[in-house]
Amino acid sequence: MKRLLILGATGSIGTQALDVVARAPEAFELVGLSAERSHEALIAQARAHGVRRIALSDADAAARAAEAWTGGEVLGGPEGLVRLVAESGADLVLNAIVGSAGLGPTIVALTEGVDVALANKESLVVGGELVMALSEATGAQLIPVDSEHSALHQLVDGERPGTVERLTLTASGGPFRGRSRAQLADVTVDAALRHPTWAMGGKITIDSATLMNKGLEVIEAHWLFGTPYDRIGVVVHPQSIVHALVSLCDGATLAHLGHPDMRVPIAYALHHPERVDVPVRTLDLAEIGALEFEPPDLDAFPCLRLARAAAEDGGTATCVLNAANEVAVHAFLSGRLDFMGIPAVIESTLEQLPAARVHSFDTLYEADAEARRIAAESVEVRA
Ligand code: NAD
Ligand code: MG
């Protein structure tokens, strides 16, 4: 039995993970759950799954939870989340927190030598170099939950070092695929939230509409698999049936296919190295008929270009990129920034904050805070 801790339990990935766990009660003991502030939902989950320890990052929400729930211990604030990770005796932590807030818990888990099932791609975008060094030093594994990286993890698994030439990530293209830059000027929040193939949390859904999500994923793949950026490609594939491809030195290219359903990569990461039944429709290619592929349009979707440029700059650049993106997406979702303002804010933030070397996690926290300040100013200027 694995002792499992789920961070970000109330979100899209978190709730699907609880579904995966409920289907295999003999495989897991749930040692804790966390959320930011949705205390009622978190308490309901703790009751339903018999969990005795929860953490809410928002201290007020934690205080309310402690009044409402006597079934176990409630930890509060950022320190509460750190304690939950460090003291729960977990064998595996699923990090399904959204944004750079997920970096701290990833660091704590790896420092304790605990394996991490990583949905929080921002951990690697912000701190990839240090996070991978930490994993190496403590021997704690990172198992990707992101569908493309889960596919790559499975494809690369049987191959000898040195045989993999190229990784290719597929992108659905989001709800605005095929539109020109001019046609994106006045898109609404509702339209941007209507993703064609995946149902996900708000932030990643907007990232998918701007293609920033694929940019973040290129950086995530670079750190997870140690592949140079010029050997990581992106292809738009609207059906989201092929999740990733690996090209080998002998000319063979391996692909990973399946209906888009996050329970598949979640189950893979949680049960790894075992495989279990997941109730998804069998893939019938004759029924699907055609799979389409096209290059991404970097003029209409500059976020992918900005992410690649930051990746090449290295150091703090991807941390700055991520922080500016979080500020811009938040501003777009709350109606304070237009859709094309998202890349504009990120670009201007990157210009104002040149990449610096990363010496420690403190360098990253400082760059993150500075980038948020500059990006917020840039949102105001554009408004
Ligand atoms: P979500 O918004 O649905 O859920 C986020 C969870 O994190 C919630 O439980 C929330 O309470 C918690 N949270 C938010 N801010 C927090 C903070 N500051 N401190 C602590 N906890 C906080 O997000 P999601 O769609 O489930 O995505 C989670 C992560 O997984 C993201 O990094 C996303 O990029 C990645 N991911 C998601 C999907 C998907 O299908 N949803 C697919 C691939 C990767
Ligand atoms: Mg993905």
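This briefing covers aromatic pairs, salt bridges, a magnesium site and strand pairing in the structure above. The model is predicted, and every value below is computed from its coordinates. The structure holds 2 aromatic pairs, and a search of the whole structure finds 23 salt bridges. Asp146, Glu148 and Glu217 coordinate the magnesium ion (ligand 2), and these residues also belong to a network of salt bridges that share partners.

**Aromatic pairs**

- A pair of aromatic rings is described by the distance of the centres and the angle of the planes.
- For Phe176 and Phe339 the ring centres are 5.2 Å apart and the planes stand at 80°, so this pair is edge-to-face, given that an angle over 60 degrees counts as such.
- Phe176 belongs to the loop between β8 (164-171) and α8 (189-192), whereas Phe339 belongs to the loop between α14 (317-333) and α15 (341-352), so the contact ties together parts that are 163 residues apart in sequence.
- Phe176 and Phe339 are both buried.
- The rings of Phe332 and Phe339 have a centre distance of 5.6 Å and an angle of 70° between their planes, so this pair is edge-to-face.
- Phe332 and Phe339 are both buried, and ring pairs link Phe176, Phe332 and Phe339 into a cluster.

**Salt bridges**

- Asp58 and Arg37 form a salt bridge through their side chains, with an N to O distance of 3.4 Å.
- Asp58 is placed in the loop between β3 (53-56) and α3 (59-68), and Arg37 in the loop between β2 (28-35) and α2 (39-49), so this bridge ties together parts that are 21 residues apart in sequence.
- Arg37 has a relative accessibility of 48% and therefore counts as partly exposed.
- Between Glu73 and Arg53 there is a salt bridge in which the closest N and O atoms are 2.8 Å apart.
- Because Glu73 lies in strand β4 (residues 73-76) and Arg53 in strand β3, this salt bridge ties together parts that are 20 residues apart in sequence.
- The two partners differ in accessibility class, since Glu73 counts as partly exposed at 32% relative accessibility, while Arg53 is buried with a relative accessible area of 14%.
- A salt bridge also joins the side chains of Asp261 and Arg263, at 2.8 Å from N to O, and both of these residues are buried.
- Salt bridges with shared partners connect Lys121, Asp146, Glu148, Lys214 and Glu217 into one network.

**Magnesium site**

- The magnesium ion (ligand 2) is coordinated by Asp146 through OD, and by Glu148 and Glu217 through OE, at 2.1 to 2.2 Å.
- Along the sequence, the donor residues of the magnesium ion (ligand 2) follow the spacing D-x1-E-x68-E.
- Of these donors, Asp146 and Glu148 are both buried.

**Strand pairing around β8**

- Strand β8 runs antiparallel to strand β10 (residues 242-248), to which it is joined by 5 bridges, and within this pairing Val164 has Leu248 of β10 as its bridge partner.
- Strand β8 also pairs with strand β9 (residues 232-236), in this case in the parallel sense and over 5 bridges, with Leu169 standing opposite Val234 in β9.
- In a regular strand the side chains alternate between the two faces of the sheet.

Note on methods
Residues are numbered from 1 along each chain as its sequence is written. Chains are lettered from A and ligands numbered from 1 in the order in which they are written. Side-chain values use heavy atoms; hydrogens and water are left out. Rings of Phe, Tyr and Trp (its six-membered ring) pair if their centres lie within 6.5 Å; planes under 30 degrees apart count as stacked, over 60 as edge-to-face and the rest as tilted. Helices (H or I, at least four residues) and strands (E, at least two) are DSSP runs, numbered from the N terminus. Buried means under 20% relative accessible area, exposed over 50%, partly exposed in between (1.4 Å probe, protein chains only). A salt bridge is a side-chain nitrogen of Lys or Arg within 4 Å of a carboxyl oxygen of Asp or Glu. Donors are N, O and S atoms within 2.8 Å of the metal (3.2 Å for Na, K and Ca); water is not among the atoms, so sites may look incomplete. Two strands pair if DSSP finds at least two bridges between them.
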